Number of protein chains: 2
Amino acid sequence: MTVEIICVGTELLLGNIVNTNAAFLAERCAYLGLTCYYQSVVGDNAARLTETIETATKRSDLVILSGGLGPTEDDLTKETAAAVFHLPLVEDPISKEHILQFFKTRNRTIADNNWKQAMIPEGSVALENENGTAPGIIMEKEGKTMILLPGPPNELRPMFLQQVEPYLLSKRNAAIYSQMVKMCGIGESDAETAILDLTSSTNPTVATYAKTGEVHIRVTAFAENEEAAAKLVKPMVNKLKSRFGSKIYTTDPEITLEQSIVELLQLNKMTVTCAESCTGGMVAARLINAPGASAVINESFITYSNKAKRHYLDVKKGTLKKFGAVSEETALEMARGGCISTKADACIAVTGIAGPDGGTEEKPVGLVYIGCSVAGKTIAKECHFTGNRAKIRESACAEALNTLRNCILEYLSETRFT
Amino acid sequence: MTVEIICVGTELLLGNIVNTNAAFLAERCAYLGLTCYYQSVVGDNAARLTETIETATKRSDLVILSGGLGPTEDDLTKETAAAVFHLPLVEDPISKEHILQFFKTRNRTIADNNWKQAMIPEGSVALENENGTAPGIIMEKEGKTMILLPGPPNELRPMFLQQVEPYLLSKRNAAIYSQMVKMCGIGESDAETAILDLTSSTNPTVATYAKTGEVHIRVTAFAENEEAAAKLVKPMVNKLKSRFGSKIYTTDPEITLEQSIVELLQLNKMTVTCAESCTGGMVAARLINAPGASAVINESFITYSNKAKRHYLDVKKGTLKKFGAVSEETALEMARGGCISTKADACIAVTGIAGPDGGTEEKPVGLVYIGCSVAGKTIAKECHFTGNRAKIRESACAEALNTLRNCILEYLSETRFT
């Protein structure tokens, strides 16, 4: 089945917002095994919207539209789509009641034009909107399907995941099962090379996604029921596990790298602290983004000046003088000092030159040292990152989390086997 | 002049990446006064690409394409676009030399297919690519223009800003001048209401952009030369200044809020420290994202536990016991304590409940107290933020920076006039 995505909104045509809805819908459609050949963006204009919808319904089986379902006169998506399918609008009592309740629980007055949102194309299915008043709509005619979704991502996403996906799967008469193998400490091209022989698989499919310092591989299968689909996914995930080993930090799509580290620490009743210079709090901020971080982090330092490195982390004056603030020796002392001063089991330290100034021939912009101390054993590594100040700091932060995770795993494996 | 944007790439159709090129190009085109009615995304497929380009060139004056200019056989944008304009490809000696030098300076071997990138449609203009080997291309035929740009943002963006914009302005026979009025501490709808009478202006135009905790207003004018355009912009910017006053932190598009705060501190030879609980380093990380932050920040604390709040910031045990860690009293003591223990002139403190757990009826998720101390004067404010953990922390961080800036400004105005 082919799908086409149309996002409606002047704010997209003006570049005021980035089209994250298109990326979300495209990713979910690919996940559901639908083939997408076209995406488009058009404004709230009846003639141009009609043209775009007509072209899309001619060349694709399914057309998903987002945006333009609001209560104002500018919002034309529903009216235009219904006209293309020659369907009159009729009042949907359930949507009407939902709008009533939505305003009532928020103590807000309903404007007359809000009732417009309770009108749906005749014979279509209304989708409940848990975070707004505009219902989504599924309408079918002569083998073609249109799905209309509200523009705000917090309304569109749950509606698609909870209502549209089951509908599309039931249409396909199939169940789907998927696992997300998330890795750190490996580059995208290395990961792709390592699974070159697996990517031609069609059921399950294997798809790679890259983000700073991480690679995610999604394994997805279709079958008559979820259990059978899971049976197709499992051997492929096992292959990935044997190829990538401890680089994999989770197979749960909801778990982030920082979450997996916080859980690893919590499980082993360990605490961590951060000692950051150039990343200036980014590593701690990411760890603390994991719910439950309070169980493993009590405090953390941003030691930007040499004096602060000496005062809070006991970095030696001689070390700073001889090797400089950006050096392996300083990174080692920062990591050790962080553990000692806070009595934490682990400390991750970062010191580097994020630029744009401060680089020299010997120590160029992008040079970062990461130190890590776990239960008395301390290591440091030299890294070279590229890009602007923000990119270098982001890369350093990702590599620090990867290093922290590796050092904890190494410590745990040593203590378990000795 | 109407413009249409076509982004070429399977990774966009699969939702592997978000289409930031479309947003960038759309925003720049709006800035240049071009009207955009359509954007589309299509894969590397000759038939579908031909169809999309033909439709676009029929209905728009200018078509900007991004992506598909690489050296592989999959990359078809240039060949397809040239075919639509019935132009043969010819070798461009300057592009050939650029490719040669690009590989030479990087000590890399040139593959045979790289020479494909030196071929351009006959009579077209090649645009130099400072960060890659694919030249951009401007081609005109019968009153229609196509501009082909490479897909990687670090190649596309400088090429557009430095080469395409001057070309489009020269076509228009106009100069452009723009200022970006950036504000914090005001909501988008309040800002829009305050300038309702100004938005109908056509030269200069006034456009509003919202981001977390900030509102940016761009004022843009066209005239026969830059000086004349600037003269049109100036009175409008002055109107905005008189309406929004000290909420405006800059009129320079390149300056961020954190940069403006760092510069304000540096100018007044002041230092700052952060004492963060729920934001866990985000405030410090943003300040340190400003180049030159080392002149105003020596150290900063993440005091996540009660014990850390007591140890590093001298928050009283009784305060924590009586009012709790998330309270106005604790925020005040954190801010005061941060200044005292580091001898910094200013301290910004954040303590709150980011969720998903930890909320109570009395202190719900989203409750955040921000404390700020500048030169001995300390204030605290209660805030209520909505959204998930990440969103609450991001909002708290933005509000903390706004509060810090306001307290510094207040201190400076008091010391100047007394």
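Q: Domain bounds come from an automatic or database domain assignment. Which domains does that give for chain A?
A: In this predicted model, chain A splits into domain 1 (2-172), domain 2 (175-250) and domain 3 (257-417). The C-alpha centres of domain 1 and domain 2 of chain A are 32 Å apart.

Q: What makes the contact between domain 1 and domain 2 of chain A?
A: Residues count as in contact when their C-beta atoms, placed from the backbone, lie within 7 Å. Here, domain 1 of chain A supplies four residues and domain 2 of chain A supplies five residues. On the domain 1 side, three are nonpolar, one is polar and none is charged.

Q: How do you know how chains A and B are related?
A: A turn of 180 degrees, with a shift of 0.0 Å along the axis, lays chain B on chain A with an RMSD of 0.1 Å. The two copies are thus related as by a two-fold rotation axis.

Q: Why can we say that the copies meet through the same surface?
A: Because 98% of the interface residues of chain B are also interface residues in chain A.

Q: What makes strand E17 of chain A and strand E17 of chain B edge strands?
A: They belong to an open sheet of ten strands with mixed pairing, ordered E17(A)-E16(A)-E15(A)-E13(A)-E14(A)-E14(B)-E13(B)-E15(B)-E16(B)-E17(B). Each E17 (377-384) has a single partner strand, so one side of each is left without a neighbour in the sheet.

Q: What makes E13 and E15 of chain B a pair?
A: Pairing needs at least two bridges, and five join these parallel strands, residues 272-276 and 346-352 of chain B. Thr273(B) stands opposite Cys347(B) in E15(B).

Methods:
Residues numbered from 1 in each chain as written. Chains lettered and ligands numbered in written order. Predicted model: local features only at pLDDT ≥ 70, side-chain atom pairs only at ≥ 80, totals over all residues. Least-squares fit on C-alpha atoms with pLDDT ≥ 70 in both. Contact = placed C-beta atoms within 7 Å. Nonpolar A, V, L, I, M, F, W, Y, C, P; charged D, E, K, R; others polar. Helix = DSSP H or I, 4+ residues; strand = E, 2+ residues; numbered from the N terminus.
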